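Colleague: I have this one open and would like to talk it through. Can you put it on screen?

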Amino acid sequence: MEIGCPLCNGLIDFSQPCAVCGSGMEDSGMLEDYYGPYSPYGNIEFYEPDEELQTTGVAACVHLFACPKCGYDKRISFPEVTL
Ligand SMILES: [Zn+2]
Ligand SMILES: [Zn+2]
């Protein structure tokens with residue numbers, strides 16, 4: 001069984017409004033692989049997968065979301081799931 005990031009593999013369509021201006025933030029791509037609960041990046045929000053996605057509980061893929069309008073960005077961690 002393969003595992004992978006649900007966002008990188010197109011399993012989910014994730015978007016979020018900008019906390020500053022409310023525009024739709026865009027996925028700017030994944031950052032380097034990230035493992036474990038302690039983040040070198042500071043503020044990372046954790047995406048809670050839907051119930052039908054079974055998380056592996058080990059690895060996570062961190063994506064940078066940026067607002068095209070005001071430049072606000074934030075990192076969101078997506079736990080890898082069984083594909
Ligand atoms: Zn990913
Ligand atoms: Zn914005």
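Colleague: Start with Cys-5. Apart from its neighbours within four places in sequence, what is Cys-5 in contact with?

Modeller: Leaving those neighbours aside, Cys-5 contacts Cys-61, His-63, Phe-78 and Glu-80. Bear in mind that this is a predicted model.

Colleague: Noted. Where does Cys-5 lie, and is it buried or exposed?

Modeller: Cys-5 is in the loop between β1 and β2. Its relative accessibility is 4%, so Cys-5 counts as buried, the cut-off being under 20%.

Colleague: How far is Cys-5 from Leu-83 in space?

Modeller: The C-alpha atoms of Cys-5 and Leu-83 are 8.6 Å apart, although 78 residues separate the two in sequence.

Colleague: On to the metals. Which residues are the protein donors of the zinc ion (ligand 1)?

Modeller: Cys-5, Cys-8 and Cys-61 each donate through SG, and His-63 through NE2. These donors lie 2.0 to 2.3 Å from the zinc ion (ligand 1). Along the chain their spacing is C-x2-C-x52-C-x1-H.

Colleague: What does the pair Cys-8 and His-63 tie together?

Modeller: Cys-8 sits in the loop between β1 (3-4) and β2 (26-30), while His-63 is in strand β5, so the pair links parts that are 55 residues apart in sequence.

Colleague: And why is the arrangement around ligand 1 tetrahedral?

Modeller: Because the 4 donor atoms around the zinc ion (ligand 1) subtend angles of 105 to 115°.

Colleague: Are Cys-8, Cys-61 and His-63 buried or exposed?

Modeller: Cys-8 is partly exposed, at 41% relative accessibility. Cys-61 is buried, at 3%, and His-63 is buried, also at 3%.

Colleague: What coordinates the zinc ion (ligand 2)?

Modeller: Ligand 2 is coordinated by the SG atoms of Cys-18, Cys-21, Cys-67 and Cys-70, at 2.3 Å. Their spacing in sequence is C-x2-C-x45-C-x2-C. The 4 donor atoms subtend angles of 101 to 121°, so the arrangement around the zinc ion (ligand 2) is tetrahedral.

Colleague: Take Cys-18 and Cys-21. Buried or exposed?

Modeller: Cys-18 is buried, with a relative accessible area of 5%. Cys-21 counts as partly exposed at 38% relative accessibility.

Colleague: That is a fair number of cysteines. How many disulfides?

Modeller: The count is 0 disulfides, taking a pair of cysteine sulfur atoms within 2.5 Å as the criterion.

Colleague: Different topic: the fold. How many helices and strands?

Modeller: There are 0 helices and 6 strands. Read along the sequence, the pattern is β-β-β-β-β-β.

Colleague: Which residues have the most contacts inside the largest nonpolar core?

Modeller: Leu-7, Ile-12, Phe-14, Tyr-47, Phe-65, Ile-76 and Phe-78; the core has 14 residues. β5 (55-66) and β6 (73-82) each supply at least two of the core residues. β6 gives the most, with 3 residues.

Colleague: Pick Leu-7. What does Leu-7 touch?

Modeller: Beyond four places away in sequence, Leu-7 touches Ile-12, Phe-14, Asp-27, His-63, Phe-65 and Phe-78. His-63 is also one of the donors of the zinc ion (ligand 1).

Colleague: And the totals for the protein?

Modeller: Of the 83 residues, 36% are buried. The accessible surface comes to about 5,300 Å², and carbon and sulfur atoms account for 47% of that. Among contacts with a separation of 6 or more, 71% are between residues 24 or more positions apart.

Notes. Residues numbered from 1 in each chain as written. Chains lettered and ligands numbered in written order. Predicted model: local features only at pLDDT ≥ 70, side-chain atom pairs only at ≥ 80, totals over all residues. Heavy atoms only, no water. Core = buried A, V, L, I, M, F, W, Y, C linked by side-chain atoms within 4.5 Å. Buried < 20%, exposed > 50% of the residue type's maximum accessible area, 1.4 Å probe, protein only. Helix = DSSP H or I, 4+ residues; strand = E, 2+ residues; numbered from the N terminus. Contact = heavy atoms within 4.5 Å. Donors = N, O, S within 2.8 Å, 3.2 Å for Na, K, Ca; no water. Tetrahedral: all angles 85-135°; square planar, octahedral: opposite > 155°, others 65-115°. Areas by Shrake-Rupley, 256 points an atom, 1.4 Å probe, with all protein chains shown as cover.
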